[in-house]
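Reader: I would like a close look at a single part of this model. Please start from one side chain and work outwards to what surrounds it.

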Amino acid sequence: LGSAGMMYVAQLADGKYVVVDGGNSGSITTDEYDKERLYQFMVQHKPSSMAKPVIACWIFTHPDADHIKLANSFVYFYGYKQKDVEVESVAYNFAEEFLCDEDGNATQDKATDKSNKDSIALMKQRFTDYYPTAPHYNFHSGQSLSFKGMTIEILQTEEDYSRAASES
């Protein structure tokens, strides 16, 4: 996408999508542009038998803005306002009780902690409100997520970093 955000999209054997992360650099202009680009990509590549794009699972690796912000906007617009995209499940492990900086150190910046926790709460609430039948999975290291023609092995989660930092 056009922003500095991180996102990966894979199409499954049945034409549904798995999206990993979804964020941007925080620019409203970029957010709007990337939100539309993601939607158009899904529409362009979905099977003609599907009325609208279906996301089998939206997976979040961690809640930094460049991994989560676009998802909040996308789900609000295409899930709530337009109802143009279905989401079947959401998966994450944010270890909210312990937030770390990029080096795995406990953050001392209460404003950053609050901002991340607010983004997490907003994301969870939007997926719950707009896709009430979609389960939320809290994955852990060593688990796998299986879909039509794809298996994703969870190698590490944020809680692994928090555990390592708390032991040092």
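What is the relative accessible area of Glu-88?

Author: Glu-88 has a relative accessible area of 34%, which means that it is partly exposed. On this scale buried is under 20% relative accessible area, exposed is over 50%, and partly exposed lies in between, with a 1.4 Å probe and protein chains only. The model is a predicted one, in which local features need pLDDT of at least 70 and side-chain atom pairs count only at pLDDT 80 or more, while totals for chains, interfaces and linings use all residues. Residues are numbered from 1 along each chain as its sequence is written, and side-chain values use heavy atoms, with hydrogens and water left out.

The side chain of Glu-88 forms a salt bridge with that of Lys-16, at 2.8 Å from N to O. This pair joins distant parts of the chain: Glu-88 sits in the loop between β4 and β5, Lys-16 in the loop between β1 and β2, and 72 residues separate them. A salt bridge here is a side-chain nitrogen of Lys or Arg within 4 Å of a carboxyl oxygen of Asp or Glu. The whole structure contains two of them. The other one pairs Glu-86 with Lys-52, whose closest N and O atoms are 3.1 Å apart. Glu-86 is in strand β4 and Lys-52 in the loop between α1 (28–45) and β3, so this pair ties together parts that are 34 residues apart in sequence. Both partners count as partly exposed, Glu-86 at 33% relative accessibility and Lys-52 at 27%.

The strands around these loops come next. Strands (E, at least two residues) and helices (H or I, at least four) are DSSP runs numbered from the N terminus, and two strands pair if DSSP finds at least two bridges between them. The loop that holds Lys-16 belongs to the hairpin of β1 and β2, which has five residues between the strands. In that hairpin, Gly-15 takes a positive phi near 90 degrees. Strand β1 (residues 7–11) and strand β2 (residues 17–21) are antiparallel and share five bridges, with Tyr-17 in β2 as the bridge partner of Gln-11.

On from β2, four bridges lead to β3 in the parallel sense. Strand β3 (residues 54–60) has seven of its seven residues buried. With strand β5 (residues 90–92), β3 pairs in the parallel sense over three bridges, and Phe-60 has Tyr-92 in β5 as its bridge partner. With strand β4 (residues 86–87), β3 also runs parallel, over two bridges, and there Val-54 stands opposite Glu-86. The path from β3 to β4 goes through α2, and this β-α-β crossover is right-handed. That term applies if, with the strands pointing away from the viewer, the path from the first strand over the helix to the second runs clockwise.

The connecting helix, α2, covers residues 65–81. At 1.5 Å a residue its 17 residues should span 24 Å, and the end C-alpha atoms are 22 Å apart, which agrees; the expected span is 1.5 Å times one less than the number of residues. Its buried residues include His-67, Leu-70, Phe-74 and Tyr-78. Just after α2, Lys-83 has a positive phi of about 55 degrees.

Two buried residues of the neighbouring strands complete the picture. Asp-21, in strand β2, is buried yet has no salt bridge, and the nearest side chain of opposite charge, Lys-124, is 14 Å away. In this count Lys and Arg are positive, Asp and Glu negative, and His and the chain ends are not counted. Neighbours within four places in sequence aside, the contacts of Asp-21 include Trp-58, Phe-60 and His-67, where contact means heavy atoms within 4.5 Å. Tyr-92, in strand β5, is buried, with a relative accessible area of 8%. With the same neighbours left out, its contacts include Phe-60, Lys-124 and Tyr-137. The C-alpha atoms of Tyr-92 and Asp-21 are separated by 9.5 Å, although the residues are 71 apart along the chain.
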